[in-house]
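These are my notebook entries on one protein model. I began with a single position and worked outward from there.

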Amino acid sequence: MFLPAVNRVRRITGGSADGSFLGTDFSYNDVKEIENAFGDTDGKLEKPEVLEQRPVHVMTFKPKPDQSSRYSLLRAWVDQKTCVALKIDFFEGDVPRKELNAPASALQQSGNYWYLSQARMQDLKDHTSTELRVVGVSSGTELATRYFDPHSFYLGN
């Protein structure tokens, strides 16, 4: 990860991946788990529910036996219209450790893409929380590949 404030690249590995992401209740692994929930895990579709008058798919994701993960299970309530998770519970063993919640009113659209304009991550063990607000999204814009090349991190714009 490139940290512009200190003009340094920081590799996120091992135990530091479970550490706080920029001083918030999100960890680097939480962000990775949210992003990859539909990827390399064993998923199960449960009985659909209604959340804030919106039909949602309830899905559970367990890491495969050969994967290492802080969490034993993720349960997500995914809006059926937008395919955006409005709620995610992160389990350690059979106990929820963290909970991500977003009101249905936070669903926003940019071009063909839906996203949450706000969400709240609660650490149920430490009794802390972080409110995340997205102030703008631009879709359909081509980004220069240099922004995603680690060799160019120190070159700036």
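Entry 1. I looked up Ser117 and found it in the loop between β10 (113–116) and β11 (118–123). The model I am reading is predicted.

Entry 2. Is Ser117 buried or exposed? I read a relative accessible area of 17% for Ser117. Since buried means under 20%, Ser117 is therefore classed as buried.

Entry 3. I then asked which residues Ser117 touches, not counting residues up to four places away in sequence. My list for Ser117 holds Ala106, Gln108, Leu132, Arg133 and Val134.

Entry 4. I followed Val134 from that list and placed it in the segment after β12 (128–133). Its relative accessibility is 31%. Because the partly exposed class lies between 20% and 50%, Val134 counts as partly exposed.

Entry 5. Val134 also takes part in a surface feature: together with Leu132 and Val137 it makes a nonpolar patch of about 200 Å². Leu132 and Val134, both in this patch, are also among the residues that Ser117 touches.

Entry 6. I turned next to the interior. The largest nonpolar core has 22 residues, and I noted those with the most contacts inside it as Leu74, Leu86, Ile88, Phe90, Leu100 and Leu116. The elements that give two or more residues to this core are β5 (54–63), β6 (73–79), β7 (85–92) and β11.

Entry 7. From the core I selected Leu100, which lies in strand β8 (residues 95–101). With a relative accessibility of 8%, Leu100 counts as buried. I also checked Leu100 against Phe90: their C-alpha atoms are separated by 8.2 Å, with the two residues 10 apart along the chain.

Entry 8. Which residues is Leu74 in contact with, leaving aside its neighbours within four places in sequence? I recorded Glu33, Met59, Thr60, Phe61, Ile88, Asp89 and Phe90. Of these partners, Ile88 and Phe90 are named, with Leu74 itself, among the core residues with the most contacts.

Entry 9. Finally I reviewed the whole protein. I counted 1 helix and 12 strands in its secondary structure, and from the N terminus on the elements run β-β-α-β-β-β-β-β-β-β-β-β-β. Of its 157 residues, 30% count as buried. The protein exposes about 10,400 Å², and carbon and sulfur atoms supply 52% of that area. Among contacts between residues at least 6 apart in sequence, I found that 32% join residues at least 24 apart.

Key
Residues are numbered from 1 along each chain as its sequence is written. This is a predicted model: local features need pLDDT of at least 70, side-chain atom pairs count only at pLDDT 80 or more; totals for chains, interfaces and linings use all residues. Side-chain values use heavy atoms; hydrogens and water are left out. Helices (H or I, at least four residues) and strands (E, at least two) are DSSP runs, numbered from the N terminus. Buried means under 20% relative accessible area, exposed over 50%, partly exposed in between (1.4 Å probe, protein chains only). Contact means heavy atoms within 4.5 Å. Patches are made of residues with over 30% relative accessible area and no salt bridge: like charges are joined within 9 Å, nonpolar side chains (Val, Leu, Ile, Met, Phe, Trp, Tyr) within 5 Å. Accessible areas come from the Shrake-Rupley method with a 1.4 Å probe; for residues, only the protein chains shown count as cover. A salt bridge is a side-chain nitrogen of Lys or Arg within 4 Å of a carboxyl oxygen of Asp or Glu. A nonpolar core is a set of buried Ala, Val, Leu, Ile, Met, Phe, Trp, Tyr and Cys residues joined through side-chain atoms within 4.5 Å.
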